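Visitor: I have a protein structure open in front of me, and I am not sure how to read it. Could you walk me through a few features?

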Amino acid sequence: MQVNSRSAVQMFYRSVYNNTHGLLKKRMRELVPVKQALLRDVRKRYGAKEVCKVTVDQAIGGMRNVFGLFYDASLLDAKTGITMRDYNIPELQEYLQKAENGHEPLPEALFWLLCTGDFPSEQEFADVQQEWKQRGQLDSETQKFILSLPKAAHPMTMLSQTLLFLQKDSQFQQVYDQGKVSKPQYWEYFYEDAMDLLAKIPRVAALIYRHKYKNGEIISADDNLDWAGNYAHMLGYNTFEVRECLRGYLSIHADHEGGNVSAHTTHLVDPYLSYSAGVNGLAGPLHGLANQEVLKWLLEMREELGENISNEKIQDYVLTTIREGKVIPGYGHAVLRYTDPRFIHQKDFAARHIKDDPLVDLVRQCYHVIPPVLKTIGKIQNPWPNVDAHSGVLLYHYGMREFQYYTVVFAVSRALGCMANLIWSRAFGLPIERPGSITMRWIEEKFGENQNIK
């Protein structure tokens, strides 16, 4: 379906909203006052309690292990890894809905969990799935905008620009400009915009891929498929295995607590503006490019050492990389101190579906060889692989060789957690963070013997 004007889009949405059950919105309306009261009670009882102390080193070093944010949807633990609404990755895989004959959790079910804290019933799951299908249409104006973007642009630049372009249809912006909304109502309109964004982002991302890499040969959506399966289809990857790969990938990357660049950025302003900013954060080398770096490192290793690489040669290659002042991509984590459960999830996926792939085999081999080497280096606190040690290799195996696009897939996934938290940030009425900052002179005057530094 194509919708040819903004007014037609609005009429279409009104008909959609009038003809869907909107079970998630209904559940949110029940939960919001309960959660608001709970948060007020928590602040009343514990508001003056100290959460943590901060050292100068932490202030300079990116505030690692400084607990200064409230983010209710997920928590990252050094031992157990990421939990979403208190459920770990294996539990999510076990309890969330799956495709027929599939093993991977479906993102529609995960989004219900992120918003409500409960696993959805079959009816609730189907309702979210249907609502995203109805909201997911791209009007001709948006399609034309994407197809007009220069192909030389980075795909993340294209995604960011398109998210800003979609802000023209923001329901929140319309009622805000008309002065028809008060702060306690913000969350309801943020919810509508978040649901629209989530419904559209796989179609936007797929259209960008086909425009940039496949000569603009567009593949129409198949609404018989689920959200992630349809994304794979629109990209041009139509096997059951690829759909399963993306179902799992989009689920396990969906959230990673509140302090990372994309999550922290996104809960501050309206969905389109904020997630465009979050996407820009993801695009940079300090946040979202790690799986590309892993893949590049592994391919360079194979090019230099050939196939059938011995464990000893991998050990030497690792030590050479470290001596050159580089890190081993995909190993270590700012918080985790054990193997990332998301890595295990992908390793198990590969064991079920992928046989005789030299690069996947190399990932498995590195998992056994690299940690013991890193353990001999005293300053490395976590020698274990994180999710990026495997994710790019899976995409590469299934034929996606356009490395720059990998972060777009990440961005489609992370929208799930960011949008859920954004809705709750407005429901809780959370303020924009405004931490203080310090200077070198302040540090010296506070702690140093020399009080006269200029």
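**A guided look inside**

Guide: Let's begin with one residue and its neighbours. Setting aside residues up to four places away in sequence, Glu402 touches Tyr209, Tyr213, Lys214 and Tyr237. Please keep in mind that this is a predicted model.

Visitor: Where along the chain does Glu402 lie?

Guide: Look at the loop that runs between helix H19 (388-397) and helix H20 (406-428); Glu402 lies there.

Visitor: Is Glu402 buried or exposed?

Guide: The cut-off for buried is under 20% relative accessible area. Glu402 has 15% relative accessibility, so it counts as buried. Its side chain also has a polar partner: a polar contact of 2.9 Å joins it to the side chain of Tyr209.

Visitor: Could we try a lysine next? Where does Lys98 lie?

Guide: Lys98 is in a loop as well, the one between helix H4 (89-95) and helix H5 (107-116). Its relative accessibility is 30%, and because values between 20% and 50% count as partly exposed, Lys98 belongs to that class.

Visitor: Which residues does Lys98 touch, not counting those up to four places away in sequence?

Guide: They are Gln93, His103, Glu104 and Leu106. For Gln93 there is a further detail: its backbone oxygen lies 2.6 Å from a polar atom of the Lys98 side chain. The backbone oxygen of Leu96 lies 3.0 Å from a polar atom of that side chain.

Visitor: How do I compare distance along the sequence with distance in space?

Guide: Take a pair of residues and read both values. Lys98 and Thr339 are 241 residues apart in sequence, and their C-alpha atoms are 25 Å apart in space.

Visitor: Now for empty space. How does one find it?

Guide: Rolling a probe the size of a water molecule over the atoms shows where empty space is left. In this structure, the count comes to six cavities of 30 Å³ or more. The largest cavity holds about 100 Å³ of space. It is lined by 14 residues, and the closest to its centre are Trp132, Lys133, Arg203, Trp227 and Asn230.

Visitor: Which helices each supply at least two residues of that lining?

Guide: Helix H6 (122-135), helix H10 (186-213) and helix H11 (227-235) each do so. By residue type, the lining of the largest cavity divides into six nonpolar, two polar and six charged residues.

Visitor: What about the second largest cavity: how much space lies in it?

Guide: About 70 Å³. Its lining is made up of Tyr237, Val242, Cys245, Leu246, Leu395, Tyr398, Gly399 and Met400. Helix H12 (residues 240-252) gives the most to this lining, with three residues. Sorted by type, the lining of the second largest cavity has seven nonpolar residues, one polar and no charged. You have met Tyr237 before, among the residues that Glu402 touches.

Visitor: I also noticed cysteines. How many disulfides are there?

Guide: For a disulfide, two cysteine sulfur atoms must be within 2.5 Å. A search of the whole structure finds zero. Cys115 is an example: the nearest cysteine sulfur, that of Cys418, is 12 Å away. Seen from the other side, Cys418 is in no disulfide either, and the nearest cysteine sulfur to it is that of Cys115.

Visitor: Are those two cysteines buried or exposed?

Guide: Cys115 is buried, with a relative accessible area of 1%. Cys418 is buried too, and its value is 2%.

Conventions
Residues are numbered from 1 along each chain as its sequence is written. This is a predicted model: local features need pLDDT of at least 70, side-chain atom pairs count only at pLDDT 80 or more; totals for chains, interfaces and linings use all residues. Side-chain values use heavy atoms; hydrogens and water are left out. On a 1 Å grid over the protein atoms alone, a cavity is a set of points where a 1.4 Å probe fits but cannot get out, and a pocket is an open set with protein on both sides within 12 Å along at least five of seven lines; lining residues have an atom within 4 Å of a point. Grid points are joined across faces, edges and corners, and a volume is the space filled by probe spheres set on the points. Helices (H or I, at least four residues) and strands (E, at least two) are DSSP runs, numbered from the N terminus. Ala, Val, Leu, Ile, Met, Phe, Trp, Tyr, Cys and Pro count as nonpolar, Asp, Glu, Lys and Arg as charged, and the others, Gly among them, as polar. Buried means under 20% relative accessible area, exposed over 50%, partly exposed in between (1.4 Å probe, protein chains only). A polar contact is a pair of N or O atoms within 3.5 Å; within protein, one must be able to donate a hydrogen and the other to accept it, and residues adjacent in sequence count only if both atoms are side-chain atoms. Contact means heavy atoms within 4.5 Å.
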